[in-house]
Amino acid sequence: MSDASQTTPSARDRHLFAPGSKRILALDGGGVRGVVALAFLKEIERTLAAQAGRPVRLCDYFDLIGGTSTGAIIAAGLALGHNVDDLIDFYQMLAPRVFRQPMVRLPGWKAIFDARALADALEGVIGDRRLDTEDLQTGLGVTLKRLDTGSAWVLVNNPHSTFWESPADRSYIGNRHYRLAQIVRASTAAPHYFDPQKIEIADGVEGLFVDGGLTPHNNPALALFISAFVPRLGIGWDVGPDKLTIVSIGAGTFRDRFEASKLARAASVRLALRAMIQQIGDSQQLILTLMSLLSESPTPWPINAELGDLGSMVAPRGALFRFLRYDIKLEGEWLRDRVGASVSADQVRQMRRLDDARSMPLLSALAAEAARRQVKPEHWTA
C-alpha cells in the first residue's frame, strides 16, 4: 500500500504548481494603516462567499499571498488559514500594545518603540513554524531588506527556489529553515520605529534585516509577479489576462508634503525620516505605473496628475495579467468625493501616521465604505 503522504501534494504545492489559472494577492505596507487593507479584504471575502453560497477562506482562493511590513503580517495570517475577522481582532489587540510611547525616548539614538511586544505577538500566533511549514495553505511571499549587504529579499515558500535547501558545504542556511515569525518581524522593522531583526543565514553568521518598505517593493505586486513568472525562480506560471489575476491592496496613500521653510530648519534625523517616507511613496508610484502598463484592469487607479490612471493604455505586446487595485487616498477632497466623508485636516494628518493607533477606527470606517464602492461582484466572476 502506498503512503498517501508521498503521493498527495500539499495545499501549498497545489496552489503553486498545479495547472490552471492563477491568482496573486499583494498587500502594501503602512503600519497601523494595515486596517485599510483589512477592510477591503473583508469586503472581498464577503463578495466571494456570496457568490459561492458558503464561507470562503482567501487562502483557498489565492495561489500566492504576499505582503510588505504590516502587509506581511496580514499575508502570513491569511496563508495560515485565518479569516479576515481573525486578523481584525489581532490588529485591535496588537496596535495599542506595539505602538505604545516609551517613558524614556532618545530621538535619533534608539528606535522609539520596543519590538519585543511585536515579536511576542507574532510568536504567539505563528509559534515555531518555519517557512516550509505545511500549515501554510497556499503560496506566501514576504519582502524584507537585508541591511548589511544592501539587498532586497523576497522570500517565498517555493521548494523549487534556488536557496531553499542548505548546500552540502553549509555555506548558507536554506530559506526553508528560516523561522516564519522572524521573517515577518524583519519585514516590519522600520528604522526609527523598530530595531532591526537578526536572522541566522549561515552557521554563526547573522544577517541584519529591516522593513521591506525600504526596498522598491512596499507595494509587493511586481515582486510577487516576478517570483511567480520568471522560470529560473522555480514556479513559472503562464501569463495573460485569462491566466493570471493580480489583486493589489493599499494601506492608504498620499503625497507627503511639508513646508520648505520648516524643513530647512529641521534636524538631520527628521530630514532623513521625511526623505525615507517620500522614497517609499516614489517607489510605490513606480510599481503602480509598471503594473498598470503591463496589465488590463477594470479598476484603473490614478498614478499622478500627469499620467492619470493609464486605463486606456494597451501594453505593446498585450496584457500580461488582469490587475485589480483597491485603496483609499488620505486626502480630504478625495475622501469627500469618493467616500462621502467630511474629514478635518487634523484627522487626515493623524491617519497618515504609521504609528498612531487612535486613528484605526476612523481608518477602518472610511476604508469599509470605500470597499463597498470599489469592490464589485463583476470583478470576481472571471
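# Talking through a predicted fold

Modeller: Let's start with Leu122, which touches Ile73, Gly127, Ala181, Val184 and Arg185, leaving aside residues up to four places away in sequence. Keep in mind that this is a predicted model.

Biologist: Okay, is Leu122 buried or exposed?

Modeller: Leu122 sits in helix α7, which covers residues 115–126. Its relative accessible area is 3%. Buried means under 20%, so Leu122 counts as buried.

Biologist: How far apart in space are Leu122 and Glu369?

Modeller: Along the sequence, 247 residues separate Leu122 and Glu369. Going from C-alpha to C-alpha, the distance in space is 29 Å.

Biologist: Let's zoom out. What radius of gyration does the protein have, and what would a compact globule have?

Modeller: The C-alpha trace spans about 75 × 50 × 40 Å along its principal axes. A compact globule with 382 residues would have a radius of gyration near 21 Å, and the protein agrees with that, at 20 Å.

Biologist: And what share of the residues is buried?

Modeller: The fold has 14 helices and nine strands. It exposes about 17,900 Å², with carbon and sulfur atoms supplying 52% of that area. Of the 382 residues, the buried share is 51%.

Biologist: What percentage of contacts between residues at least 6 apart in sequence join residues at least 24 apart?

Modeller: Take the contacts in the protein between residues at least 6 apart in sequence. The share joining residues at least 24 apart is 72%.

Biologist: Now the strands. How many residues of β9 are buried?

Modeller: Strand β9 runs over residues 321–326. On one side Phe321, Phe323 and Arg325 are buried, and on the other Arg322, Leu324 and Tyr326 are buried, so both faces are covered by the under-20% cut-off. That makes the count six of six.

Biologist: Which residue in β9 is the bridge partner of Ile246?

Modeller: Strand β7 (residues 244–249) runs parallel to β9, and five bridges join them. In β9, the partner of Ile246 is Phe323.

Biologist: And which residue in β9 stands opposite Glu296?

Modeller: Here the strand to look at is β8, residues 295–296, which runs parallel to β9 and is joined to it by two bridges. Opposite Glu296 in β9 you'll find Arg322.

Biologist: What about β1: which residue in β7 stands opposite Leu25?

Modeller: Strand β1 (residues 22–27) is mostly covered, with five of its six residues buried. β1 pairs with β7 in the parallel sense over six bridges. Opposite Leu25 in β7 is Val247.

Biologist: Which residue in β2 stands opposite Leu27?

Modeller: β1 is also joined to strand β2 (residues 64–68), running parallel, by four bridges. The residue opposite Leu27 in β2 is Gly67.

Biologist: On to charges. How many residues apart are Lys42 and Asp85?

Modeller: Side chains of opposite charge can pair when their charged atoms come close. The side chains of Lys42 and Asp85 form a salt bridge at 2.7 Å, N to O. That pair links distant parts of the chain: Lys42 is in helix α3 (residues 34–52) and Asp85 in helix α6 (residues 84–98), with a separation of 43 residues.

Biologist: How far apart are the closest N and O atoms of Arg57 and Asp60?

Modeller: Arg57 is partly exposed at 32% relative accessible area, and Asp60 is partly exposed at 43%. These two form a salt bridge, with their closest N and O atoms apart by 3.1 Å.

Biologist: Arg146 pairs with Asp148, right? Which of these counts as buried?

Modeller: Their side chains meet in a salt bridge, 2.8 Å from N to O. Asp148 counts as partly exposed, at 41% relative accessibility. With a relative accessible area of 13%, under the 20% cut-off, the buried one is Arg146.

Biologist: Last one: what area does the nonpolar surface patch with Leu293 have?

Modeller: Leu293 lies in helix α11 (residues 268–293) and counts as partly exposed at 30% relative accessibility. Leu286, Leu290 and Met313 make up the patch along with Leu293. Together their accessible area is about 330 Å².

Note on methods
Residues numbered from 1 in each chain as written. Predicted model: local features only at pLDDT ≥ 70, side-chain atom pairs only at ≥ 80, totals over all residues. Heavy atoms only, no water. Patch = residues over 30% accessible without salt bridge, like charges linked within 9 Å, V, L, I, M, F, W, Y side chains within 5 Å. Areas by Shrake-Rupley, 256 points an atom, 1.4 Å probe, with all protein chains shown as cover. Salt bridge = Lys/Arg side-chain N within 4 Å of Asp/Glu carboxyl O. Buried < 20%, exposed > 50% of the residue type's maximum accessible area, 1.4 Å probe, protein only. Rg over C-alpha atoms; globule rule 2.2 N^0.38 Å. Contact = heavy atoms within 4.5 Å. Pairing = 2+ DSSP bridges.
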